[in-house]
Amino acid sequence: MSDPGSTDSESLRVRTAGKFFRAGEEKFYIKGITYGPFAPGREGFGLKHGAELDADLASIVAMGANTIRLYESPPEGFLDVCAGHGLRVLAGVAWPDHVDFVNQEGLWDSCVEKLRKAVTCHRRHPALLGYFVGNEISATIVRWLGPRRVKVLLEELIDAGRLEDPQALFAYANYPSTEYLNPENADFISYNIYLENEEDLSRYIARLQNIAGDKPLMVSEFGADSLALGMDDQARVLASGVDACFRGGVAGVAVFSFTDEWHRGGVDVKGWQFGVVTRQREKKPAYDLLKLRFKAIKSGADAVMLSRRPKISVIICTYNGSATLCECLKSVTKLRYPDFEVIVVDDGSTDRVSDIVAETAGVRYIHQQHAGLGVARNRGAVAAGGDILAYTDDDCVVDEDWLHYLASAFESAGFGAAGGPNISPPPRNRTEACVAAAPGIPAHVMLDDRVAEHLPGCNLAVRREAFERIGGFLPEYVTAGDDVDFCWRLQEAGVVIGFSPAAMVWHHRRVSARAYFRQQIGYGRAEAILIGRHPQRFGVMGGARWEGIVYCGNRGGLGVASRIYRGVFGYAAFQAVYVPAESDFSRIATGIQWVMATVLAGLAGIFIVPLLPLALLMGCCTFSFALKQACNSRIESRYTGIRSKLLLMVLCLTQPVVRGAARSLGAIGGGRAPRGPLRLGHFFRIPKLVLWKRVGRLQIWSEKGLGRDLLLENTTAALQHFGMPFTLDNGWRDWDLEVERDPLWRVQLTTLTEYHGEDKCLTRARFTSKATVLNLGLNVLMALALAAFALGAGHRFIWLGAIYLTWWVFLEIRHRQLVGNLSRLVSNVARDAGFDRVET
């Protein structure tokens, strides 16, 4: 099945489709292996050629692989040879990402140009699957340059490459130490992972799936060292790891590597043996085990490997859904699961539903008088004969392996209910793109990486015994809210709800703003009923209080308020982003009650003038939160622009008002008022104000392999010797140490070590001064005093201005002195420690 609405079925170039890749109409699982780099040979390329290349590629194909991953752009003719063997190629572009590639004049421009030339050289080649625009940029370099800045630069590389070859796929090969560094415009998300324990790997794959969101997840490197583990254990680790990856729903894996022969940094690497064949191309046990795995995986059904296949009843409830039902039923009939039935419950439709069902073979049709969604879902469950009841909606298109992945979730973890993501198809116009990015669309809520608090009813499966334990769905939910109530009651009954990221369905969003607001009105009315049954789960303003995290498509993103735990000095192996929960004030300021109060204050301000500034301030708060939400939401790249952002901002501004009005009216009609605790600790989030300056850098060279660890150790010892108080990085800072000697300024030191081959190292030191609270307070007082005299005239204002200017000059001189003192101390420490030279 192609993307809904896709017309490019003739092309066999690999493309993304939800959580997977496709070549033409068929799903394409990347079963890859890395190749090279080797010692530079012909024309300076680190790749084999001629008979050696043919023999290697033939061995790779015999192993069952369909893709090779390279770490550089291949020479002309290389892709033709790969095409002759039926192999796809994921090419890399080597550029100096191991050094400060931003602050050296002309270096970054040359990197972009190198990528452009590489993509232009191989444009539209059928063997080319895509490009990795970077590979494992060091966490210390990312910390030095700033993660948001590096992310923007990676996005610039992807945009540059896509201009040259729009059909190629582009991504960045990330790794756990910079887990948060994922370009927004990447076609898929990829990570290099080396976890030898199968359960640890499975848990981390589940985490990465939530970070990847609606995009395919690929493991771009996974390997084991036979020199350290032995050949038999290497084979076991690789086989179990590949199983864990595909069972976790990844779209592809590249095993590192084909051969032990490996060349890096100008020398042959001999201390590691990650290959599945030796340097002499002798097969290790890992080769044969991977061959069994790769050749067996041709579809999602092969990737899952179920021990038993319980009967599953697919239940589709519809009410006048003939516009999308036909496409839904076509997708259901293509399911590859061996034992399932399809039941369509017609909730009193007046359109062509019955005719459409009659045209589809193997579908049971049940008609009832219009009674609502909850009753229809129960009616389908009564008629079903399966052990598992799988619900989807008439505006959904299911993946052909949907039931396999659901069955795997029930089998592997023993969940009582399970589901997967519902993904919006590619939008056909600007309005659809904005509606898909707007708030309030159906989304799952995650308690952790595997367990959900809520799953939308368009992709929800439940064991029959769990369904019957809570009495099914409640009939009072006519159009929406039934799935929220159902999941909450399941949890209250002790049932664990699982999440399977690969059990995806395409879910058509509303095609117009009018339809979107009708949907939000329905959700608001449903929430009024939910408030009556679950008052403890709603806040003071009527919004739901989720215990988990509402899915937003990219949990690992770098938001404005996000914080990164990097470990001390940026050395943590697994670094993660932590995003604070939405504040209560943001919910209140965008709610219907606040908006009504703003309008009333504005009207009253006509007669009571002091209320006008209050109304203006309240309106600005509402507008700012809507603007922030619109800016943080990602619109399909084809429709980005000022018009799309303005439309999305209007949707963000009006959605909570429309939904809140429907909820409040429904609650009043039902005799219920929103209840729940007001968490004062989250009412306001005061931004952290920092006045800082970057002044001063050092370049410290060593020909003996000395780096930042030795420099920091000796610097802290020197600070202690001179009695200068300081604070070390606790893992949350973007600096290494902060000197606290002066009451007006704090001076910070940040370091980075670059490795330039053999034992040649360059350690960069950056000095930053930050104003203290006393400094800021004195500046505020003097600014207020200056403003107070601004309305006056004469010498008083002039003298005060002169004093203020003198104060600023003093601050500037003082912070430069402090930075200079620390810079000289670090320079002396470096020379005493044996570094070769220090440059400013």
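**Exercise 1. Determine which residues of helix H3 are buried, and on how many sides of the helix they lie.**

The buried residues of H3 are Leu107, Trp108, Cys111, Val112, Leu115, Ala118 and Val119, where buried stands for under 20% relative accessible area, exposed for over 50%, and partly exposed for the range in between, with a 1.4 Å probe and protein chains only. These residues cover an arc of only 145 degrees around the axis, which puts them on the same side of H3; the arc is taken over the directions from the helix axis to the C-beta atoms. The other side of H3 carries Asp109 and Lys117, which are exposed. The cover over the buried residues of H3 includes S7, helix H5 (147–164) and strand S8 (169–174), contact being defined by heavy atoms within 4.5 Å. Helices (H or I, at least four residues) and strands (E, at least two) are DSSP runs, numbered from the N terminus.

The model is a predicted one, in which local features need pLDDT of at least 70 and side-chain atom pairs count only at pLDDT 80 or more, while totals for chains, interfaces and linings use all residues. Residues are numbered from 1 along each chain as its sequence is written, and side-chain values use heavy atoms, with hydrogens and water left out.

**Exercise 2. Compare the expected span of H3 with the distance between its end C-alpha atoms, and then treat H11 likewise.**

The expected span is 1.5 Å times one less than the number of residues. For H3 (residues 107–121), the 15 residues should span 21 Å, and the end C-alpha atoms are 21 Å apart, which agrees. For H11 (residues 322–333), the 12 residues should span 16 Å, and the end C-alpha atoms are 17 Å apart, which agrees.

The next step is to look down the axis of H11, whose buried residues fall within an arc of 160 degrees, so they line one face of the helix. Those buried residues are Leu325, Cys328, Leu329, Ser331 and Val332, whereas the face turned away from them carries the exposed Ala323 and Lys330. Among the elements that cover the buried residues of H11 are strand S14 (312–318), strand S15 (340–347) and helix H12 (353–358).

**Exercise 3. Establish how strand S14 is enclosed and which strands pair with S14.**

Begin with burial: 7 of the 7 residues of S14 are buried, so this strand is largely enclosed by the rest of the structure. Taken by face, Ile312, Val314, Ile316 and Thr318 lie on one side, and Ser313, Ile315 and Cys317 on the other. In a regular strand the side chains alternate between the two faces of the sheet.

Continue with pairing, which requires that DSSP find at least two bridges between two strands. S14 runs parallel to S17, to which 6 bridges join it, and isoleucine 316 stands opposite threonine 392 in S17. S14 also runs parallel to S15, with 7 bridges between them, and the bridge partner of cysteine 317 in S15 is valine 345.

**Exercise 4. Describe the barrel, and place helix H6 and its residue asparagine 210.**

The barrel is closed by 8 strands in the order S4-S5-S6-S7-S8-S9-S10-S11, with parallel pairing. Neighbouring strands of this sheet are turned by 25 degrees against each other on average, direction ignored. H6 packs on the sheet, touching strand S9 (189–192) and strand S10 (217–223), and the direction of H6 makes about 145 degrees with that of S10; axes are lines fitted to C-alpha atoms, for helices over the stretch in contact, and angles run from 0 to 180 degrees between N-to-C directions.

As one example of pairing within the barrel, S6 (residues 88–92) and S7 (residues 128–135) pair in the parallel sense over 4 bridges, where valine 89 has leucine 128 of S7 as its bridge partner.

Asparagine 210 belongs to H6 (residues 198–212) and is buried, with a relative accessible area of 2%. A polar atom of the side chain of asparagine 210 lies 3.1 Å from the backbone oxygen of alanine 206.

**Exercise 5. Locate glycine 249 and list its contacts beyond its sequence neighbours.**

Glycine 249 lies in the loop between helix H8 (231–247) and strand S11 (252–256), and it is buried, with a relative accessible area of 1%. Leaving aside neighbours within four places in sequence, glycine 249 is in contact with Phe20, Gln209, Tyr405 and Ala502. For phenylalanine 20, the separation from glycine 249 is 229 residues in sequence and 8.7 Å in space, C-alpha to C-alpha.

Technical notes:
A polar contact is a pair of N or O atoms within 3.5 Å; within protein, one must be able to donate a hydrogen and the other to accept it, and residues adjacent in sequence count only if both atoms are side-chain atoms.
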